[in-house]
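Here is a quick tour of one protein chain, from the overall picture down to side-chain contacts. Have a look at the structure first, and then we can go through it piece by piece.

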Amino acid sequence: MLTQELLVDIHVRHQRFFECVLNIELDGRMQRSQDMLLKTSGMPAIKHFEDYDFKFASGVPRKRYAQGSIIVTSNLQFSQWSTAFADEQTLSMRR
């Protein structure tokens with residue numbers, strides 16, 4: 001015969017299981033929605049600076065963008081900048 005404590009434990013485990021299943025389903029739906037929006041936008045999924053076509057940057061002299069500095073601004077606090085870049089090596093600061 002099942003005790004009240006055991007029944008409560010089983011009930012809690014079932015709730016956790018269904019919560020996990022629903023979270024997986026929700027994450028999947030969100031990912032499919034993002035994939036569909038990205039696909040219909042016509043934009044590439046990942047953009048790299050190297051892939052940019054500078055022929056259309058008519059106002060910027062070639063030697064400037066090929067060898068010049070790039071200034072990136074952000075509304076993030078400096079301590080959070082590493083979250084906006086691929087890794088710590090990409091991010092460097094000169095004072």
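## The overall picture

Of the 95 residues in the protein chain, just 4% are buried. Keep in mind as you read on that this is a predicted model. The accessible surface of the chain adds up to about 9,600 Å², and carbon and sulfur atoms account for 58% of that.

As for secondary structure, the chain has two helices and zero strands.

## Helix 1, end to end

Helix 1 covers residues 4–41. Does its span fit its residue count, or what else do the end C-alpha atoms say? With 38 residues at 1.5 Å a residue, helix 1 should span 56 Å, and its end C-alpha atoms sit 55 Å apart, so the two values agree.

What comes after helix 1? That would be G42, which has a positive phi, near 80 degrees.

## Salt bridges along the helix

Side chains of opposite charge can pair when their charged atoms come close. How many salt bridges does the model hold? The count comes to three.

Start with R13 and D9, whose side chains meet in a salt bridge at 3.0 Å, N to O. Both residues belong to helix 1 and are four residues apart, about one turn of the helix. R13 has 46% relative accessibility, so it counts as partly exposed. D9 comes in at 37%, which also lies between the 20% and 50% cut-offs, so D9 is partly exposed.

## A network around E25

Further along, R29 and E25 form a salt bridge at 2.9 Å, N to O. Here too the partners lie in helix 1, four residues apart, or about one turn of the helix. E25 also meets R32 through its side chain, in a salt bridge of 3.7 Å, N to O. Salt bridges with shared partners thus link E25, R29 and R32 into one network.

How exposed are the members of the R29 and E25 pair? R29 has 53% relative accessibility, and because the cut-off for exposed is over 50%, R29 counts as exposed. E25, at 37% relative accessibility, counts as partly exposed.

## Aromatic and nonpolar side chains

Moving on from charges, there is one aromatic pair to look at. F17 and F18 make up this pair, with 5.3 Å from centre to centre and 70 degrees between the planes, an edge-to-face arrangement.

Which residues make the nonpolar surface patch of about 250 Å²? The patch is made by L2, L6 and L7. One of these, L6, lies in helix 1. L6 has a relative accessible area of 35%, so it counts as partly exposed, and that value clears the cut-off of over 30% used for patch residues.

Notes: Residues numbered from 1 in each chain as written. Heavy atoms only, no water. Salt bridge = Lys/Arg side-chain N within 4 Å of Asp/Glu carboxyl O. Buried < 20%, exposed > 50% of the residue type's maximum accessible area, 1.4 Å probe, protein only. Areas by Shrake-Rupley, 256 points an atom, 1.4 Å probe, with all protein chains shown as cover. Expected span 1.5 Å × (residues − 1). Phe/Tyr/Trp six-rings, centres within 6.5 Å; stacked < 30°, edge-to-face > 60°. Patch = residues over 30% accessible without salt bridge, like charges linked within 9 Å, V, L, I, M, F, W, Y side chains within 5 Å.
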